[in-house]
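Q: I'm new to this one. Could you take a close look at the place where one chain meets another?
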Amino acid sequence: MSEPLIRIEGLRKSFGALVVTDDVSLDVAPGELHALIGPNGAGKTTLIHQIAGTLQPNAGRILIGGVDLSGASPAARARAGLARTFQITSIIPTLDVLGNVALAAQARSPRALRLFGRAATDEALNAQARAAIAAVGLSARAGAPAGMLSHGEKRVLEIAMALAMEPKAILLDEPMAGVGREESARIVELLLGLKGRYAMLLVEHDMEAVFSLADRISVLVYGSVIATGTPDAIRVDPAVRAAYLGDEAA
Amino acid sequence: MSFTLLTIQILNGLQLGLLLFLVAAGLTLVFGVMDFINLAHGVQYMVGAYLAAALIAYTGSFALGLVLALAGALAIGLVMEGLIFRHLYGRSHLDQVLATFGLILVLNEGVKMIWGAAPISVGVPEALQGSVSLGDGVLYPVYRFAIIAAGLAVAAGLWLVIDRTRIGMLVRAGASNAPIVSALGVDINRLFMIVFACGAMLAGFAGAMAAPILSVEPGMGDSVLILAFVVIVIGGIGSIRGAFAAALIVGLLDTLGRSYSVDLLRLFLPPAAARGVAGGLSSMFIYILMAVVLFFRPEGLLPARGRS
Amino acid sequence: MSAEATSAPAAAARARSRLALSTTAPLVMLALFALLPLLAIATGQTHWLSLINRIVILGIAALSLDLILGVGGLVSFGHAAFIGLGAYTAGVMVDAGRGDLLLVVPAALLVSAVFAALTGAVSLRTKGVAFIMITLAFGQMAFFFSQALYAYGGDDGLTLPERSTVAGFPILANKVTFFYVSLGFLVAAYLLVRAVAGSRFGRALQGARDNPVRVGSFGFDVFRIRLGAYVISGMLAGLSGVLLANQAEFVSPAYMAWQRSGELIFMIIIGGLGSLWGAVLGAAAFLLLEEALSGFSEHWKLGFGVLIVLFVLFTRGGLADLARRLTGGRA
């Protein structure tokens, strides 16, 4: 197997006496969709924060594309090829959909902060942005102010922004949070289409989605990974059944 | 440079620091609890001074005048809260800045219309006249000691209220997380009103206490407001402890800087030039301190707990 | 779906009218400005010349503030310091006999840029209320510094012996040509700010106003973007200071008083945040209002303060938005 694009080694984070991330190691191979599940309070959000760089761990290393980025800012991690979506929708409401996605593409372009030339009619960026918007099926809304989109459309816009960054790896922080069944199915469809092209780490509560999407699943309980394996292996793992799926299996 | 002169400067610095604390305490709570930037807090200080001047002259009694001035400052604070500030809590900082800036213009011009542009003076109360000997024949006015004592007493009282009472607990909680306090079923608007009115009264108290030793004039609150901002930024927004520590630091640095920078600069410059440069430089000390503190600790020296 | 279909053309029409307004309004304003001196001369009201000249000069300062405050969302309360720095640079250089605009303007731009870079590097580490207070405090620092310039009048200020020359020619000595020179600077500043605001840099700056975390997550260094905008903005305000010193033939610490910074904010808010040409409109509205109110009563600031409070409590979006609503409201 080739070098994993996301690798986490021995990550630890505690707030006072409370250990929220306890020696977590996991990796995501190129093209792999690795899902992270766990009951509420297991420390998934804290872990995502540490990978994205918005929280610093007490110990451990984070490597993106083989480069050690422990301690780097979120922006530096993004430049190293790590894109992310946010659990709570995070868009730029005053720009239109095209502008939001083009701004994401702009960050990766050679002259990201050019002072002259109209950004809105910058065809190189717009073409990249349109491709990402088309990939998520949002083309009809490209001209709408992002603040006017429905919640489901905003969730998809988040993914388009991540794609426009041409990342090596994508963190998907509960992409289906708060969306209805129908839209949820659309997002699953969309992620299935992206599978194999990016290394993706998916945090999600929707178990049906997770088991249909993931190549591998890691189960986080009380800050520790208690099992990692294929969906089929996880489904029958006795420790997981006991700790996490217990009541559902009963 | 004698030891007694140093003592006097330290006492002056303490006194300035404690006055600044009285102004900054209300301001930092209003920032911390309501995330509200109130530029008009300085005019509360001015209003306190004018009310004290007028009411002491009217009643002929310093104590009675002071008490009435406090009541007046509280009343004006409540009126401004009800009429204007209440409508600005949810608004952007920019709206708050602009509206309270407008209010400063109104109140500065208002006192000018009522009392005129010329400074008015307030006598030191009889009981607090005279001086205390610090040795070497150097005297220090009793009234200035009284200001220091009053400032320390208020600081201690404030600490007791905030640390030991239910309302203090809510204020502390509000400073670090207003939505949670709101979710606990506390009437947040009432809490805001109380914090705001008490802050206004404290600023008014500072103005009233300062009235006999400073000239009472329109715009006197503006420079105090900016010093209070510096205090709050250095101490950490929303933090009473931080405001207390920073107020003393700023008071001492400003006072000592003014008196010693000439001597320091004389080491490098001819006397006339030293005097010229020292004037401006000593006014800049506290801003430089602020910049240094911010560079190393953007949250201030003693940030309110739970805030970052 | 049907709602989308009907609203799309309406939105496009709104966008078109907004675009038309954003190009025609500045042109109309420019034409008006260009004609005003002729009108003033024709009617013999030449004392209006200095007022409209000050509108144009403060228009540049307001425009520069609109870049960081309107586009960038950075509530700077110390912007008058840059005007003062530019003005003092001009004053000191004219006093020293090196007052040619070709020397003064680059010097003022440099001084403002350095001050902006130093103070911005500290203040931009904070946000929200703290940023407002820190910019205010740095403004005061510059104010006290100018008060300490005893060689240049200290608190009383400095009277310029003459106006700056331009490449050796005393063309600023004439009120009318000075006005057109100022107007030329305003147009250049407007085109520059507009180009910057619409550029890749400007889009990132605007994005960081609305959602700095998101813009950072794309890989942008939000701090550096803001610092860049802060420096550009400070330089333009410094330029307006050079013109202001020449117009008044006088500089004093009062140029940097914190009330001046508050007035600049007021200008761009009545003009409509981020609309750029609205900032110039706001400068005009403010100075005309000041002129009218001060002619009415010596206590005009009371009325002005009341107007500000009422304005904030009862309107949002400023004059530019009002114009937009009036013209675009039909669509």
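A: Let's go straight to chains A and C: 28 residues of chain A are in contact with 22 residues of chain C, where contact means that the C-beta atoms, placed from the backbone, lie within 7 Å. On the chain A side, the elements giving two or more residues are α2 (74-79) and α3 (97-108). Of these, α3(A) gives the most, with 6 residues. Helices here are DSSP runs of H or I with at least four residues, strands are runs of E with at least two, and both are numbered from the N terminus. By class, that side of chain A has 17 nonpolar, 5 polar and 6 charged residues. Nonpolar covers Ala, Val, Leu, Ile, Met, Phe, Trp, Tyr, Cys and Pro, charged covers Asp, Glu, Lys and Arg, and the others, Gly among them, are polar.

Keep in mind that this is a predicted model: local features need pLDDT of at least 70, side-chain atom pairs count only at pLDDT 80 or more, and totals for chains, interfaces and linings use all residues. Residues are numbered from 1 along each chain as its sequence is written, while chains are lettered from A and ligands numbered from 1 in the order in which they are written.

As for the partner, chain C, an unreviewed UniProt entry lists "transmembrane region" for stretches including residues 55-81 and 172-193; such annotations may be inferred rather than shown by experiment, and the positions follow the numbering used here, with feature names shortened. In the model, residues 55-81 of chain C are 70% helix and 0% strand, with the end C-alpha atoms 18 Å apart. For residues 172-193 of chain C, the figures are 86% helix, 0% strand and 25 Å between the end C-alpha atoms.

Note on methods
Contact = placed C-beta atoms within 7 Å.
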